[in-house]
Amino acid sequence: MDIITKMETPEKVIIPLEQYLGLECKPLVKIGDTVKVGQKIGENKKIVSPIHSSIQGEVTDIQKHPHPYGREVKSLIIKRDNKAEKTNFKPVKNPSAKDLKDIIRQAGIIESYSLGPPKHIKEVNTVILNGTDFHPHISVDKVLLTEKPQEILEGMNALMKAGGAEKGFICINADDKEVLQSMNNRVKEEPNIDIVPLKMVYARGMGKLLMHAVTKKSRKKLGDTLISTVSKAKGIHDAVFNGRPNIETIVSVTGVKHPQNLLVRIGTPFKDVIDHCGGYHGTPVRIIMNSPMTGLSQYTEE
């Protein structure tokens with residue numbers, strides 16, 4: 001699981017109109033419409049980031065559908081067509097801090113730790129990127145830091161500029177020696193970014209515990225701090241420098257015949273992901289999303 005494998009585009013995606021525990025987006029398309037990759041298909045102008053289609057195809061239904069949080073949520077169901085995918089992603093040249101906040105929000109990037117879109121977070125002076133993979137069986141951070149280090153640094157710089165932050169820290173598992181050496185070499189020309197190696201035990205990567213660990217390690221008092229992740233930094237890079245909205249994500253898949261870190265389109269059913277990985281390794285007792293420590297048991301593969 002030391003590389004990122006790209007999954008083929010699924011036959012259909014099921015995209016919830018709720019992106020986190022909050023307000024529901026209003027669909028901007030109707031049944032029968034044809035949508036392009038990256039097209040905005042849902043929006044709520046109050047606080048929620050907009051939602052984009054992750055594939056090119058036809059909207060076949062808008063209905064209540066099982067959601068990983070254990071309830072039914074109004075969702076858009078899009079069936080892939082067989083035409084070559086067309087995209088119209090346009091980056092903004094030399095964006096200001098205000099531009100960056102808007103780009104991040106419009107790209108549909110939702111912060112971790114239930115903070116919602118970064119646009120609505122007050123000005124910060126410190127950004128911490130969590131790259132520790134502190135949950136068992138998950139190695140997304142390690143493979144991103146290994147394969148996409150420059151994109152992560154560029155995304156972090158964009159996030160720091162958006163929030164007005166003067167200092168940034170990237171936390172990396174102290175046992176990942178090669179990753180630490182590589183990132184330390186890369187930040188030599190980044191005077192405002194430090195690498196913080198942390199000996200990881202479960203829960204140390206969470207919010208205030210992570211802040212405490214960074215403060216103790218760096219011997220610096222942290223002011224208003226934004227905690228994000230390396231995957232969000234990669235997503236911000238794609239939005240700012242490629243004009244690409246949030247339409248795919250990397251997931252660590254274990255308990256299958258071929259465990260891997262898989263790049264998937266948002267809205268891909270769990271069943272398709274499991275089948276791509278060769279099916280279950282043995283008979284599953286339960287399917288858990290987001291690690292065995294704090295994850296949620298699923299009642300359906302759909």
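The second largest pocket in this predicted model has a volume of about 420 Å³. Its lining is made up of 22 residues, and those lying nearest the centre are His-52, Lys-90, Gln-106, Gly-243 and Pro-245. Two elements give two or more residues to this lining, namely helix H1, residues 97-106, and helix H6, residues 230-242. The largest share comes from H1, with five residues. In terms of chemical character, the lining of the second largest pocket comprises nine nonpolar, six polar and seven charged residues.

I turn next to two loop residues, beginning with Ser-291. This residue is placed in the loop between strand E15, residues 288-289, and strand E16, residues 296-297. Is Ser-291 buried or exposed? Its relative accessible area is 8%, and Ser-291 is therefore classed as buried, the limit being under 20%. Leaving aside residues up to four places away in sequence, Ser-291 touches His-135, Pro-136 and Ile-138. Within its own loop region, the side chain of Ser-291 reaches the backbone nitrogen of Thr-294 at 3.5 Å.

The second residue is Lys-257, located in the loop that links strand E13, residues 248-253, to strand E14, residues 260-265. Lys-257 counts as exposed because its relative accessibility is 53%, and the class begins over 50%. Which residues does Lys-257 touch, not counting those up to four places away in sequence? They are Cys-277, Gly-278, Gly-279, Tyr-280 and His-281. As for Asp-275, which is 18 residues from Lys-257 along the chain, the C-alpha atoms of the two are separated by 9.5 Å.

Terms used
Residues are numbered from 1 along each chain as its sequence is written. This is a predicted model: local features need pLDDT of at least 70, side-chain atom pairs count only at pLDDT 80 or more; totals for chains, interfaces and linings use all residues. Side-chain values use heavy atoms; hydrogens and water are left out. On a 1 Å grid over the protein atoms alone, a cavity is a set of points where a 1.4 Å probe fits but cannot get out, and a pocket is an open set with protein on both sides within 12 Å along at least five of seven lines; lining residues have an atom within 4 Å of a point. Grid points are joined across faces, edges and corners, and a volume is the space filled by probe spheres set on the points. Helices (H or I, at least four residues) and strands (E, at least two) are DSSP runs, numbered from the N terminus. Ala, Val, Leu, Ile, Met, Phe, Trp, Tyr, Cys and Pro count as nonpolar, Asp, Glu, Lys and Arg as charged, and the others, Gly among them, as polar. Buried means under 20% relative accessible area, exposed over 50%, partly exposed in between (1.4 Å probe, protein chains only). A polar contact is a pair of N or O atoms within 3.5 Å; within protein, one must be able to donate a hydrogen and the other to accept it, and residues adjacent in sequence count only if both atoms are side-chain atoms. Contact means heavy atoms within 4.5 Å.
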